[in-house]
Amino acid sequence: MSLLITGGLVVDPAQNLEQELDLLLTDGKVAALEPPGGIPRKGRRVVKAHGLVVAPGLIDMHVHLREPGEEYKETIETGARAAVRGGFTGVACMPNTRPVNDSASVTRFIRDQAKAAGLARVWPVAAISVGSKGENLSEYGDLKAAGAVACTDDGRPVMNPLLLRRALEYAKTFDLPLLLHCEDLDLRADGVMHEGRVSLELGLKGIPAAAEEIMVFRDLELARLTRSRLHIMHVSTRGSVALIRRAKGQGLKVTAETAPHYFTLTDEAVRGYNTHAEVNPPLRTAADVVAIKEGLRDGALDAIASDHAPHGSLEKDVEFSEAAFGLIGLETSLGLTLRLVHEGVISLMQAVALMSANPARILDIPGGTLAVGAPGDVTIIDLSREWTVDVRDFASKSRNCPFDGWSLKGKAVMTIVGGEVVSSESKQ
Amino acid sequence: MKLLPDGGRRYYLIRGSHAGNKRYSERDVNLLLIRRFFFAGGHRFGLSLKPETWNLKPGAKSLPMEFRRKDLLGIAELEAGEILHILDTAASLKEISTRAIKKVPTLRGKTVVTMFYEPSTRTRMSFEIAAKRLSADTLNLTVAASSAVKGETLEDTAHNLEAMEPDILIIRHPASGAPHFLARRLRCGVINAGDGIHEHPTQALLDLLTIREAKGKLSGLKVAIVGDIVHSRVARSNIHALTKLGSRVIAAGPATLIPPYLETMGVEVTYSLEEAVQDADVIMMLRIQLERMGQMYFSTLREYSAQFGLGARHLKLAQDDVIVMHPGPINRGVEISPEVADGVHSVILQQVANGVAVRMALLYLMVGGEKA
């Protein structure tokens, strides 16, 4: 079975390619990449991609799929469907499920569910410590063997620096990257939004930027101490970007991601006590947005990940201080990132690197390129497609999206995983 | 239309009455018309008590700005003119509370529901008395625990309430923004009686009325607000109101209790009580919540009292006619010495009396006269 994609603008940062090429996928892999017309069409299903961008399948390296345990918010199937709708061929799912993914059995369960869904590739990320309690290390060897691609403390940061030091060292043994949620929980206290003028006016407890930056600094120093690689998740402040840029300049093996809401929204979005804009780390200020964009442009930040965090009305249609943190992003992430391309902040090549090549490299997973022999994971993007975000149309089970009603330009029109079309605009 | 920030006098001519062409102040007009309105039984004929329906011809200045909001959620969103209009209305309604029979039928047949998710004596009673003096039916819901503990969400509570068709809902809630949450979901009006550490608009309005009675104006005053600013919804509402009306606000307290970015609200910040009260026209003391002590905000109550407790010596630094205010309940001997609390400069009890007037005014403006 072969699929031939013709005439599209192939953008592949891993090969430094940005030109019109025909792409042939055979047996779930990239079989050939030739100048237009260079691959015979006979007997092959042809997808005409003239005027469209053909990118290696996008990878969202930070999502919450809620299964097992909170299936009313999302399941692996609905999450994977939202992923392919949004143009993602792979997602890395965080371990803060119930039970926590700190064991090979939960990791295998996630992989089995993903396989049954048969949509996007789902890469399980396991917990740094047992039950994410910050006490004992989980079984990294077992977890890796079961299919975990990384370990993280997302949502429940490791407050004990000694434990984190040991985790960084122990993870090296198995070549597992650690993805860190940098937040000082004592300093955050019961904060619910960015500490600033808006939190003062709304009478909401603030989370100072320092609560993130202190931990970014601590974790970078631990990476230096242990000479480990380290990935910092959802960077939201100007100070964090500066710390990461400096650490990279000093040669530390550090990578970092941010999320579309951190370069799109500010704390002003919370006004009116909008719980859909309640997220952790919180939406910051305009100056932080500028710094995040600059970090994406100059390479201080390596990846864009949505931190897709589905919640139901039970968690969101409540008082602001009672509401859960998080917003969903799988179906808006690409559109919001392409805004940066249209604005000229980053190039198209950079956007593909941030959403595909770099996440694959950080997690050390197959994909992220269209080189011959790579997985046949492809996202076809229409850069000029104008569309309106409508949460009622989302494939995700949840609706907690602050971008409802926004007009965006640029959309994934076809998502191909392992040579199979798993989502296509024309079919819907 | 430009309103003078200090509530400067506006005059009206009353047409077609024996009053002739005499110029009446707005206050006179309000008093006169409210009396005449009830005397004539206007309320029984379903007439509106709204000023624009009266046979008024504006004199030198136009009609006062109206208060035409469904909800009163905070002072932040009010315009200076609206604030003054509420105060003028409250001033004219004060007289009712001095009558032998303290009741007018304005809100007969209207239902006022108070819902308090936090303990309160003064505010809840004040609203209830205000509603009763206007003949509304009142219903008080005191919710011991938060909605989460009780098992019913605020959303469900809102819909259940709505089904009972109240005319106005008065809510106090420990979560900032809870009244806004309800206001978005309910057809009836919502009055914020204190939400978390956000706003307490009716307290600010009664404070303003008290200040205006004592000083005759609300602009050009130096007002010191002292104590736990960071947790005080009273302080936030008063800061909004006083800065809108052209007074100078100085906040004082230990730096732990002064919120960051306070200057962006147009407030001067000092850590010295002496500096704050220097030449002050008004000193507004805030209640120090004793449970804050265990939360690293300050070392001991003894030290707090020594540094930020208001005593007679501080009053000597202020203007001779300084007034001392406190939203209550007071901690005698902690943030305020008994001699000051009970002294001649204290207007703490006038504040309570004005609380009823302000709440009557709001109920009247928000519920009265509509869809009769």
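A residue counts as buried if 20 or more other C-beta atoms lie within 10 Å of its own. Thr106(B) meets this cut-off, because 24 other C-beta atoms lie within 10 Å. Thr106(B) is therefore classed as buried in this predicted model. Thr106(B) sits in a loop of chain B. That loop runs between α2 (80-93) and β4 (111-116). Ile191(B) lies 85 residues from Thr106(B) along the chain. The C-alpha atoms of Thr106(B) and Ile191(B) are separated by 19 Å.

Confidence was examined next. The predictor assigns the complex an ipTM of 0.89 and a pTM of 0.88. For chain B, the mean pLDDT is 84. A pLDDT of 70 or more is reached by 79% of the residues of chain B. Two stretches of chain B fall under 50. One covers residues 1-22, with 45 contacts beyond four places in sequence. The other covers residues 51-64. This second stretch has 27 contacts in the model beyond near neighbours in sequence.

The overall form of chain A was then described. Chain A contains 13 helices and 18 strands. Its radius of gyration is 20 Å. The globule rule gives 22 Å for 428 residues, which is close, so chain A is as compact as a globular protein of that length. Along the principal axes, the C-alpha atoms of chain A fill a box of roughly 65 × 45 × 45 Å. Of the 428 residues in chain A, 59% are buried. Contacts between distant parts of the sequence are also evident. Among contacts in chain A with a separation of 6 or more, 75% link residues 24 or more positions apart.

Part of chain A was followed strand by strand. Strand β6 (residues 58-63) of chain A is mostly covered, with 6 of its 6 residues buried. Strand β7 (residues 88-93) of chain A is likewise mostly covered. In β7(A), 6 of 6 residues are buried. β6(A) and β7(A) pair in the parallel sense over 4 bridges. Within this pair, Leu58(A) stands opposite Phe88(A). Val63(A) has Cys93(A) of β7(A) as its bridge partner. Helix α1 (residues 76-85) of chain A joins these two strands in a β-α-β unit. The unit made by β6(A), α1(A) and β7(A) is right-handed.

β7(A) also pairs with strand β8 (residues 121-127) of chain A. These strands run parallel and are joined by 4 bridges. Pro124(A) in β8(A) is the bridge partner of Cys93(A). Cys93(A) thus has bridge partners in both directions: Val63(A) and Pro124(A) in β8(A).

The contact between the two chains was considered last. Chain B contributes 22 residues and chain A contributes 16 residues. Three helices of chain B each supply at least two residues of the side that touches chain A. These are α5 (154-163), α6 (178-185) and α8 (233-244). The largest share, 3 residues, comes from α6(B). By class, the side of chain B that touches chain A has 11 nonpolar residues. A further 7 are polar and 4 are charged.

Notes: Residues numbered from 1 in each chain as written. Chains lettered and ligands numbered in written order. Predicted model: local features only at pLDDT ≥ 70, side-chain atom pairs only at ≥ 80, totals over all residues. Contact = placed C-beta atoms within 7 Å. Nonpolar A, V, L, I, M, F, W, Y, C, P; charged D, E, K, R; others polar. Rg over C-alpha atoms; globule rule 2.2 N^0.38 Å. Buried ≥ 20, exposed ≤ 12 C-beta atoms within 10 Å, placed from the backbone. Pairing = 2+ DSSP bridges. Right-handed = clockwise from strand over helix to strand, strands pointing away. pLDDT = per-residue confidence, 0-100.
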